[in-house]
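Biologist: I am new to this structure and would like a close look at one part of it, the places where charged side chains pair. Please start with a single residue and work outward.

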Amino acid sequence: MTLPACPQCASELTYHDGVQFVCPECAHEWQENESAAEETLTVKDANGTPLADGDTVVLIKDLKVKGSSMVIKQGTKVKGIRLQEGDHDIACKIDGSAMNLKSEFVKKA
C-alpha cells in the first residue's frame with residue numbers, strides 16, 4: 001500500500017498511526033478521508049475578496065497596536081502579506097515592525 005504524501009510539506013516519509021496519517025518531518029496529522037483541498041487556507045477581506053500570500057492590502061479603519069500607544073491609520077497600504085491560521089489571519093510588516101491583522105479590517109488593493 002502506498003501512503004499519501006503530507007498535504008502540508010509534501011514529504012513522502014508519512015506513516016499510518018491507527019486512524020490517521022502522520023508526517024515525521026513537520027508533525028502534521030490528518031485523517032484518511034481528508035484531502036489536500038480541504039487543508040488549504042482561505043482568507044477573505046472585508047469585501048469578501050479572497051486573499052493570497054504576497055498580496056497588497058489597505059486598512060479600512062484605524063487600528064490601535066496592543067501594548068503600545070501607536071495607531072495604524074486607515075488607508076495604510078501593506079505589501080507582501082502572509083496568510084496564517086488563527087484569529088489574526090494575516091502576518092505582515094508595517095513600518096518595519098511585524099504585525100498580525102484580522103482580515104475583516106483590510107481590503108485588497
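What is the relative accessible area of Lys108, and how does that class the residue: buried, partly exposed or exposed?

Modeller: Please keep in mind that this is a predicted model. In it, Lys108 has a relative accessible area of 38%, so the residue counts as partly exposed. Its salt-bridge partner is Asp55, and the closest N and O atoms of the two are 3.5 Å apart. This pair links distant parts of the chain, 53 residues apart. Lys108 belongs to strand β13, residues 106-108, while Asp55 sits in the loop between β5 (50-51) and β6 (57-59). The partner is classed another way: Asp55 has a relative accessible area of 15%. Buried means under 20%, so Asp55 is buried.

The structure holds two salt bridges. Besides the pair just described, the side chains of Lys102 and Asp87 meet at 3.4 Å, N to O. Lys102 is in the loop between β12 and β13, and Asp87 is in the loop between β10 (82-83) and β11 (90-94), so this salt bridge ties together parts that are 15 residues apart in sequence. Lys102 is partly exposed, with a relative accessible area of 24%. Asp87 has 55% relative accessibility and therefore counts as exposed, the cut-off being over 50%.

Lys102 also leads to another feature, as one of the residues that line the largest pocket. That pocket has a volume of about 200 Å³. Others in its lining include Leu63, Lys64, Ile72, His88, Met99 and Phe105. The elements that contribute two or more residues to this lining are β7 (63-64) and β12 (97-101). Strand β12 gives the largest share, three residues. By type, the lining divides into six nonpolar, two polar and three charged residues.

A different part of the chain shows how strands are arranged here. Three strands make an open sheet in the order β1-β2-β3, with antiparallel pairing. Strands β1 (15-17) and β3 (29-31) are at the edges and have a single partner strand each, so one side of each lacks a neighbour in the sheet. From one strand to the next, the twist averages 35°. Strand β2 (residues 20-22) is joined to β3 by three bridges. Gln20, for example, has Gln31 in β3 as its bridge partner.

Definitions and conventions
Residues numbered from 1 in each chain as written. Predicted model: local features only at pLDDT ≥ 70, side-chain atom pairs only at ≥ 80, totals over all residues. Heavy atoms only, no water. Pairing = 2+ DSSP bridges. Helix = DSSP H or I, 4+ residues; strand = E, 2+ residues; numbered from the N terminus. Axes fitted to C-alpha atoms, helices over the stretch in contact; angles between N-to-C directions. 1 Å grid on protein atoms, 1.4 Å probe; cavity = no way out; pocket = protein on both sides within 12 Å on 5 of 7 lines; lining within 4 Å. Points joined across faces, edges and corners; volume = space filled by probe spheres on them. Nonpolar A, V, L, I, M, F, W, Y, C, P; charged D, E, K, R; others polar. Salt bridge = Lys/Arg side-chain N within 4 Å of Asp/Glu carboxyl O. Buried < 20%, exposed > 50% of the residue type's maximum accessible area, 1.4 Å probe, protein only.
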